[in-house]
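Reader: Hey, I'm new to this one. Can you put it up and walk me through it?
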Amino acid sequence: MVLVTSVFGLPIVGSHGAGLPPEEKPRLCNEECEKELENIPMVTTESGLQYKDIKIGEGPSPPIGFQVAANYVAMVPSGQIFDSSLEKGQPYIFRVGAGQVVKGLDEGILGMKVGGKRRLYIPGSLSFPKGLTSAPGRPRVAPNSPVIFDVSLEYVPGLDDE
């Protein structure tokens, strides 16, 4: 039998075995941030989108139609991650307000400023109307089910270069 060890001399164990803790995935909101969220007031918009500002940015807000670069961690309500730009190693770039992302993300980004972080509680009516099939090891998103996005607005090309 061969035992594989890490550079620290510890055995390397896959995270798919029974009873093992889930693999740690990069997040925009760590344990300390999660505790602070309890004291941040919830904002509810007319559409039903709810959000909490983790950090208010100091840069410009994106006008409708402008491209934005944002990092995000997308979760089902239990907190399981189903998608993340952090795991891909680069911000996601999209045109805000143009329907390139789910409606709740579009709406949630519009009121942010560059440098800001926000937790979006997106109701089913503003999320994935057809649902999402799950990637291996990821939770499935049922049609019209609520989702949570932690998002950080990194930059708005053409606005924060000034």
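Author: Sure. This is a predicted model. Let's begin with helix H3: the cover over its buried residues includes strand E3 (67–75), strand E5 (92–95), strand E6 (117–122) and strand E7 (147–155).

Reader: Ok, and which residues of helix H3 are buried?
Author: H3 spans residues 103–110, and its buried residues are Gly104, Leu105, Asp106, Gly108 and Ile109.

Reader: Switching topic: what lines the second largest pocket?
Author: Leu105 turns up again there. The rest of the lining is Tyr72, Ala74, Phe82, Asp83, Tyr92, Gln100, Val101, Val102, Phe128, Leu132 and Phe149.

Reader: Which elements give two or more residues to that lining?
Author: Those are E3 and strand E4 (81–84).

Reader: How do the lining residues divide into nonpolar, polar and charged?
Author: There are 10 nonpolar residues, one polar and one charged.

Reader: And how much space lies in that pocket?
Author: About 220 Å³.

Reader: Cool. How many disulfides does a search of the whole structure find?
Author: Just one. Cysteine 29 is joined to cysteine 33, with an S to S distance of 1.9 Å.

Reader: Are those two cysteines buried or exposed?
Author: Cysteine 29 is buried because its relative accessible area is 2%, under the 20% cut-off. Cysteine 33 has a value of 9%, so that one counts as buried too.

Reader: Last one: is the disulfide left-handed or right-handed, and why?
Author: The torsion about the S-S bond of cysteine 29 and cysteine 33 is about -100°, so the disulfide is left-handed.

Methods
Residues are numbered from 1 along each chain as its sequence is written. This is a predicted model: local features need pLDDT of at least 70, side-chain atom pairs count only at pLDDT 80 or more; totals for chains, interfaces and linings use all residues. Side-chain values use heavy atoms; hydrogens and water are left out. A disulfide is a pair of cysteine sulfur atoms within 2.5 Å. Buried means under 20% relative accessible area, exposed over 50%, partly exposed in between (1.4 Å probe, protein chains only). Helices (H or I, at least four residues) and strands (E, at least two) are DSSP runs, numbered from the N terminus. Contact means heavy atoms within 4.5 Å. On a 1 Å grid over the protein atoms alone, a cavity is a set of points where a 1.4 Å probe fits but cannot get out, and a pocket is an open set with protein on both sides within 12 Å along at least five of seven lines; lining residues have an atom within 4 Å of a point. Grid points are joined across faces, edges and corners, and a volume is the space filled by probe spheres set on the points. Ala, Val, Leu, Ile, Met, Phe, Trp, Tyr, Cys and Pro count as nonpolar, Asp, Glu, Lys and Arg as charged, and the others, Gly among them, as polar.
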